[in-house]
Amino acid sequence: MHSSSVRLFHHNLLIPTKQPCARIPPHSPSPASLAIFRRDFTSASLLSLFIAPHKLRAETVTNNIPSTSNCADPTPSNQAFLDISIDGVPIGRIIIGLYADAAPSGAARFADLVSGRAGVSYRRKEFVKIMPDYVQHGGLRSYGVDAELAKKTGSNMALDNLVAEWERQNGRCEGRIKNVGKSVGIIVRDPSKPPPKMKLVARKGKLEIDEEEVGVDPNGTEFVIATKDSPELDGSTLVVGRVLEGMEVVDRIGQVKTVQENSSSPYFRVAKIIGDKRAVVAERGFNRPYSKVVITNCGLMG
């Protein structure tokens, strides 16, 4: 009864009821074979109902991917220059075009620090890290106090503005490398910073659990210049411009000998995970140049 009911159901589904059934010729398949065919055909039809929506959804996602025209390299507006020396010997000038339209907060921050309008300047400050794909300037340590004051007053020096701009930059061109060769970016966060370390402290005769921050957050003055495409920087750096002239000077900086990195050591990895301060201090020394690479002069052009 069950098998005949199934055949009747598929028979009504596939063959109109108003038309008489055609006589099966001697060379045609048997009715049992037709029932199997109808069952398989119907199963395939039902299966396609589940597959089709996935195809439509995939096409929808593809259409939402930003076009390359929206992620094109911005046009530089104003220009800044950095004069560089290695161990007191001048090696040349780097000219940077700033993206005042694409990254207004970041470009304004860099311009204020280069020109001295911020009350402090990059002049006589050093490059502190040389990596295979980029060189990093140490920024201004004293600027942290000014940044905290700016955060309270809401002025443009607050780091929050740069972080928000970095988030918008990543969202605009998701999946595309932002820190390409020749790009200049301000470091706005530290992705390698370990989580806060929990510890017991005594307060007013009671033991309380407190969080001890390990490492120092960026203050929005450190910057990098990419010698090659550097996707590893996209998670921490806001691109504010690119090198227009003097890339050979950047390459000279990249050739300076540095302290050997030892992050592959199992002792270092364990110390980093548990938040040992000695690991943080050691990490700061990795890839530091043996020579003093200094910005001897800087400013805006025109």
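**Close-ups of a predicted model**

R117 counts as exposed, with a relative accessibility of 56% (buried is under 20% relative accessible area, exposed over 50%, partly exposed in between, using a 1.4 Å probe and protein chains only). This is a predicted model, where local features need pLDDT of at least 70 and side-chain atom pairs count only at pLDDT 80 or more, while totals for chains, interfaces and linings use all residues. Residues are numbered from 1 along each chain as its sequence is written, and side-chain values use heavy atoms, with hydrogens and water left out.

**View 1. R117 pairs with D112 in a salt bridge.** Here the closest N and O atoms of R117 and D112 sit 3.0 Å apart (a salt bridge puts a side-chain nitrogen of Lys or Arg within 4 Å of a carboxyl oxygen of Asp or Glu). While R117 is exposed, D112 is partly exposed at 25% relative accessibility. By this rule, the count of salt bridges is six.

**View 2. E126 and K292 form a salt bridge between distant parts of the chain.** The closest N and O atoms of E126 and K292 are 2.6 Å apart. E126 belongs to the loop between α3 and β3 (127-130), K292 to the loop between α8 (277-285) and β10 (293-301), and 166 residues separate the two (helices, H or I of at least four residues, and strands, E of at least two, are DSSP runs numbered from the N terminus). Both ends count as partly exposed: E126 has 28% relative accessibility and K292 has 45%.

**View 3. R141 meets E222 in a salt bridge, with V216 alongside in contact with R141.** The closest N and O atoms of E222 and R141 are 3.4 Å apart. E222 is in the loop between β7 and β8 (223-226) and R141 in the one between β4 (134-137) and α4 (143-153), so the pair ties together parts 81 residues apart in sequence. E222 counts as buried, at 14% relative accessibility. V216 is also found in the loop between β7 and β8, but counts as exposed at 51%. Neighbours within four places in sequence aside, V216 touches R141 and R284 (contact means heavy atoms within 4.5 Å). The C-alpha atoms of V216 and D190 are 8.7 Å apart, with their positions 26 residues apart along the chain.

**View 4. Helices α3 and α5 pack at an oblique angle.** α3 (residues 104-115) and α5 (residues 159-172) pack at about 135 degrees, and their axes are 8 Å apart. On the α3 side P104, S105, G106 and R109 meet L159, N161, L162 and E165 of α5. Axes are lines fitted to C-alpha atoms, for helices over the stretch in contact, and angles between N-to-C directions run from 0 to 180 degrees; under 35 is roughly parallel, over 145 roughly antiparallel, 65 to 115 roughly perpendicular, and the rest oblique.

**View 5. M198, L200, L207 and I209 make a nonpolar surface patch.** The patch covers about 490 Å². Strands β6 (197-203) and β7 (206-212) each chip in at least two of its residues. L200, in β6, counts as exposed at 60% relative accessibility. Patch residues have over 30% relative accessible area and no salt bridge, with nonpolar side chains (Val, Leu, Ile, Met, Phe, Trp, Tyr) joined within 5 Å and like charges within 9 Å; areas come from the Shrake-Rupley method with a 1.4 Å probe, and for residues only the protein chains shown count as cover.
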